[in-house]
Amino acid sequence: MSLCVLCAQRGTSCCVNRDILITTADAGRIAAYYGDLNFFEYRKPSSTAYVEQDDDPEWNILTVRVDGSRRVLNRQNESLCFFLTETGCRLSATVRPLVCRLHPVEYTAAGVTGVSPECPVQFLAHPETLLDSLQMNLTEAESWRRQLYEELRQDALNRKKVA
């Protein structure tokens, strides 16, 4: 059983009580796959810590709109990601939002900075690593990080054109 499925079944996944940010391109990929656009909304961060973070000066500039909201996936039951099931995400890996594909890799606009300590690595079989379990490598993560920031910059540019 994968670590992500285990987390989803335990109700402690990264898909619970989180705002999952999506880019315009993420929304397009998901809509093409899902066949509907009723899966996201614009919502202000529930925690001031989100806006007060200072490890990536570009992040808030690129993600937070003038009214303080961000484009995020809807939730089911007020806490679960709209696409979360008991067996994990119902979206294929190639359609998931870039921030989901990147998790648990931590990053800034400058590059990949490490791996989040959030995942319950104690459930991994020795000598399996977290990235092995997720079938992820840092080269792939860096590619997604670059794509994420390109899409965020394009979204910000489009917002300026409309304003």
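This is a short dialogue on reading some features of a predicted model.

Biologist: What should I keep in mind about this model before we start?

Modeller: It is predicted, so local features need pLDDT of at least 70 and side-chain atom pairs count only at pLDDT 80 or more, while totals for chains, interfaces and linings use all residues. Residues are numbered from 1 along each chain as its sequence is written, and side-chain values use heavy atoms, with hydrogens and water left out.

Biologist: Happy with that. How do the axes of helix H2 and helix H7 cross?

Modeller: Two packed helices are described by the angle between their axes and the distance between the axes. Axes are lines fitted to C-alpha atoms, for helices over the stretch in contact, with angles from 0 to 180 degrees between N-to-C directions. Helices (H or I, at least four residues) and strands (E, at least two) are DSSP runs, numbered from the N terminus. Here the axes of H2 (residues 24-34) and H7 (residues 138-162) come within 8 Å and cross at roughly 105°. That makes H2 roughly perpendicular to H7, a label for angles of 65 to 115 degrees.

Biologist: Which residues in H2 and H7 meet?

Modeller: Contact means heavy atoms within 4.5 Å. From H2 come Thr24, Ala25, Asp26 and Arg29, and they meet Gln147, Glu151 and Asp155 of H7.

Biologist: Is Arg71 buried or exposed?

Modeller: Buried means under 20% relative accessible area, exposed over 50%, and partly exposed in between (1.4 Å probe, protein chains only). Arg71, in strand E2 (residues 70-73), has 14% relative accessibility and therefore counts as buried. Leaving aside neighbours within four places in sequence, Arg71 is in contact with residues including Phe40, Tyr42 and Asp155.

Biologist: Lovely. How many disulfides does a search of the whole structure find?

Modeller: A disulfide is a covalent bond between the sulfur atoms of two cysteines. The criterion is a pair of cysteine sulfur atoms within 2.5 Å, and the search finds zero.

Biologist: Why is there no bond from Cys89 to Cys81?

Modeller: Cys81 holds the closest cysteine sulfur to that of Cys89, but at 6.1 Å this is too far for a bond. Likewise, the sulfur of Cys100 is 6.0 Å from its closest cysteine sulfur, in Cys15, also too far.

Biologist: And the backbone: which peptide bond is cis, with omega near 15°?

Modeller: The one from His103 to Pro104. Pro104 lies in the loop between helix H5 (98-102) and strand E7 (105-108). A cis peptide bond also joins His126 and Pro127, with omega about 5°.

Definitions and conventions
Angles under 35 degrees count as roughly parallel, over 145 as roughly antiparallel, 65 to 115 as roughly perpendicular and the rest as oblique.
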